[in-house]
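Colleague: Please take a close look at the interior of this model, and then at the pockets around it. A connected account would suit me better than a list.

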Amino acid sequence: KSMSVFSKQKIKDFFIYGLGQAINIVSPLLILPYIIFMCGEEGLGKVGVGMSLALILSGIIDYGSYINGVKDISINRTDKKILEFHFKSIYLSKFILFLGVFLFFILLVCFVPFFEQDKRLYFYSFFIVVGQFINPIWFFQGIENFKLISFINVTSKVIYIFLVFTLLHETSDYIYVNLFLGLGAIIGNVIGLIWLIKKYSFSIT
């Protein structure tokens, strides 16, 4: 009986998690034709360069949180003190990496001609990096809270899609696409982070 319940829970978690991932896959298919229609292929190409840069920088900030972080949270999920220790230490390391990445980014955009000529696009793209810095999904993976993972994914992508279809009107508006993606991620991740801090009564000092 316990095995049956266990299996049902796993199947339920799979579908809930799958919903969030499906939104991640479907959202570009909805967005891309509209971006090409409004901003042209050149605008889409520039958006892609900004997004690629943001994803590389995000990968640096995420160092350790999706490997050691998930493992440590999973092993100690019932011990609030240890959870709080890992929560704080990982966010502290992410913050230090974020400062280093931000300094590198400023130098890159201000002094490399290729990036300097489309400065606003790249500065707006950095909002994606900010969203990834806030991202608490690594913690939710450790405690296997798939509902909140899906909630964050769906919320951030719905905001992104809404902003693109509502505020993208001209060819030159391509510079805002990554800003909209970043804002969606920031809002979704902040909601998840607030829930997490309140749920476990973590101190943020």
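**The core and the pockets**

Modeller: Val 129 touches Ala 54, Leu 57, Ser 58, Ile 61, Phe 98 and Val 101, leaving aside residues up to four places away in sequence. The model is a predicted one. Val 129 is among the residues with the most contacts inside the largest nonpolar core, together with Ile 35, Phe 139, Tyr 160, Val 164 and Leu 168. That core has 57 residues. Two or more residues each come from helix 1, helix 2 (65-75), helix 3, helix 5, helix 6, helix 7 and helix 8. Helix 1 gives the most to this core, with 11 residues. As general background, nonpolar side chains in soluble globular proteins tend to be buried together.

The setting for this core is a chain with eight helices and zero strands. Read along the sequence, the pattern is α-α-α-α-α-α-α-α. The C-alpha trace spans about 60 × 35 × 25 Å along its principal axes. Of the 205 residues in the chain, 45% count as buried. Among contacts with a separation of 6 or more, 81% are between residues 24 or more positions apart.

Next, the pockets. The largest pocket has a volume of about 650 Å³. Its lining consists of 30 residues, and those nearest its centre are Asn 24, Leu 55, Ile 128, Lys 157 and Leu 181. At least two lining residues come from each of helix 1 (2-61), helix 5 (119-134), helix 6 (137-142), helix 7 (146-167) and helix 8 (177-200). Helix 1 supplies the largest share of this lining, 14 residues. By class, the lining of the largest pocket divides into 18 nonpolar, 11 polar and one charged. Helix 1 therefore has the largest share of the lining of the largest pocket and also gives the most to the largest nonpolar core, by the helix assignment used here.

The second largest pocket has a volume of about 160 Å³. Phe 87, Lys 88, Tyr 91, Leu 193, Ile 197, Ser 203, Ile 204 and Thr 205 line this pocket. Helix 3 (80-111) and helix 8 each supply at least two of the lining residues. Helix 3 gives the most to the lining of the second largest pocket, with three residues. The class count for this lining is five nonpolar, two polar and one charged.

Helix 3 also holds His 86. The relative accessibility of His 86 is 13%, so His 86 counts as buried. Not counting residues up to four places away in sequence, His 86 touches Asp 72, Ile 73, Asn 76 and Trp 138.

Two cysteines are worth a separate note. Cys 39 has a relative accessibility of 5% and therefore counts as buried. For Cys 110 the relative accessibility is 26%, so Cys 110 counts as partly exposed. The cut-off for buried is under 20%. A search of the whole structure finds zero disulfides.

To return to the starting point, Val 129 has contacts with residues including Leu 57 and Phe 98, and Val 129 is one of the residues with the most contacts inside the largest nonpolar core.

Methods
Residues numbered from 1 in each chain as written. Predicted model: local features only at pLDDT ≥ 70, side-chain atom pairs only at ≥ 80, totals over all residues. Heavy atoms only, no water. 1 Å grid on protein atoms, 1.4 Å probe; cavity = no way out; pocket = protein on both sides within 12 Å on 5 of 7 lines; lining within 4 Å. Points joined across faces, edges and corners; volume = space filled by probe spheres on them. Helix = DSSP H or I, 4+ residues; strand = E, 2+ residues; numbered from the N terminus. Nonpolar A, V, L, I, M, F, W, Y, C, P; charged D, E, K, R; others polar. Core = buried A, V, L, I, M, F, W, Y, C linked by side-chain atoms within 4.5 Å. Buried < 20%, exposed > 50% of the residue type's maximum accessible area, 1.4 Å probe, protein only. Contact = heavy atoms within 4.5 Å. Disulfide = S-S within 2.5 Å.
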